[in-house]
Amino acid sequence: MSQDELLALPTTISVETAARAIGLGRTRAYQLARRGEFPCKVIRIGASYRVVTVDLRRLLGIEPS
């Protein structure tokens, strides 16, 4: 995922999208999210998990200009 793609993401994204950005597989990403060990903030809404995009960008060292 390019820097421009990361900067264009909405406020929250799916665990799959965040996993792709940091090079994790889908299964491993969900395991980490369920255990509260995903490397950036994850919000659980019912049965779904959403990753806070600003935390993902911070993790990757990408800040909007």
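**Helices around a nonpolar core**

Right after helix 3, Gly36 takes a positive phi of about 75°. That value comes from a predicted model, as does everything else described here. A glycine also follows helix 4: Gly61, just past the end of that helix, has a positive phi of about 75°.

Helix 3 itself has an inside and an outside. Ala29, Tyr30, Leu32 and Ala33 are its buried residues. Looking down the axis of helix 3, these buried residues fall within an arc of 160°, so they line one face of the helix. This fits a simple rule: an α-helix has 3.6 residues a turn, so residues three or four places apart point the same way. On the face turned away from the buried side of helix 3 sit the exposed residues Thr27 and Arg34. As for what the buried residues of helix 3 pack against, the partners are helix 2 (15-22), strand 2 (42-45) and strand 3 (48-52).

Helix 4, spanning residues 53-60, buries Thr53, Asp55, Leu56 and Arg57. These buried residues pack against helix 1 (3-7), strand 1 (12-14), helix 2 and strand 3.

Now for the core. The largest nonpolar core holds 17 residues, and Leu6, Ile13, Val15, Ala18, Phe38, Val51 and Leu56 are the ones with the most contacts inside it. Helix 2, helix 3 (26-35) and strand 3 each contribute at least two residues to this core. Ile13 gives a good close-up: setting aside neighbours within four places in sequence, Ile13 is in contact with Ala18, Tyr49, Arg50, Val51, Thr53 and Leu56.

Methods. Residues are numbered from 1 along each chain as its sequence is written. This is a predicted model: local features need pLDDT of at least 70, side-chain atom pairs count only at pLDDT 80 or more; totals for chains, interfaces and linings use all residues. Side-chain values use heavy atoms; hydrogens and water are left out. A nonpolar core is a set of buried Ala, Val, Leu, Ile, Met, Phe, Trp, Tyr and Cys residues joined through side-chain atoms within 4.5 Å. Buried means under 20% relative accessible area, exposed over 50%, partly exposed in between (1.4 Å probe, protein chains only). Helices (H or I, at least four residues) and strands (E, at least two) are DSSP runs, numbered from the N terminus. Contact means heavy atoms within 4.5 Å. The arc is that of the directions from the helix axis to the C-beta atoms.
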